[in-house]
Amino acid sequence: MLDRIMRRLELFRGTWAGTGKGGYPTVESFEYEERLRFEVDPSYPMIRYEQRTWLLPSREPSHWECGFIRPYEDGSVEILNAQERVAALCAVATPSSSTR
């Protein structure tokens, strides 16, 4: 089952990039460029990712995070995440019987 899960997650492999607009009630609206990179090493049953965001038009760095996505045989997924403003986060998602 783990091989099947890794094959599905491998669809994310590569670099994804684009631009967007954001806003929050407490800050001015802004435009940004974002890049996500997903890498798979066949030696490890996990995906490594990195996400970076820059404000436009200045290209000033805005956000940076990286981590690992690790699937388990039971269908659950562990996400380890480190961000430039937070030490580290860990989350585990377990699918309900209706999503298997």
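Trainee: What makes up the secondary structure of the chain?

Mentor: The chain has one helix and six strands, where helices (H or I, at least four residues) and strands (E, at least two) are DSSP runs numbered from the N terminus. Along the sequence the pattern reads α-β-β-β-β-β-β. This is a predicted model, in which local features need pLDDT of at least 70, side-chain atom pairs count only at pLDDT 80 or more, and totals for chains, interfaces and linings use all residues. Residues are numbered from 1 along each chain as its sequence is written, and side-chain values use heavy atoms, with hydrogens and water left out.

Trainee: Why is the chain called more spread out than a compact globule?

Mentor: Its radius of gyration, taken over C-alpha atoms, is 16 Å, and the globule rule gives 13 Å for 100 residues. That rule is 2.2 Å times the number of residues to the power 0.38. The value is well over the rule, so the chain is more spread out than a compact globule. The C-alpha atoms fill a box of roughly 45 × 25 × 25 Å along the principal axes.

Trainee: Why is Ala 88 called exposed?

Mentor: Exposed means over 50% relative accessible area, buried under 20%, and partly exposed in between (1.4 Å probe, protein chains only). Ala 88 has 52% relative accessibility, so Ala 88 counts as exposed. Of the 100 residues of the chain, 22% count as buried.

Trainee: Where is Ala 88 found, and which residues does Ala 88 touch?

Mentor: Ala 88 is in strand β6, residues 86-93. Leaving out residues up to four places away in sequence, Ala 88 touches Asn 81 and Ala 82; contact means heavy atoms within 4.5 Å.
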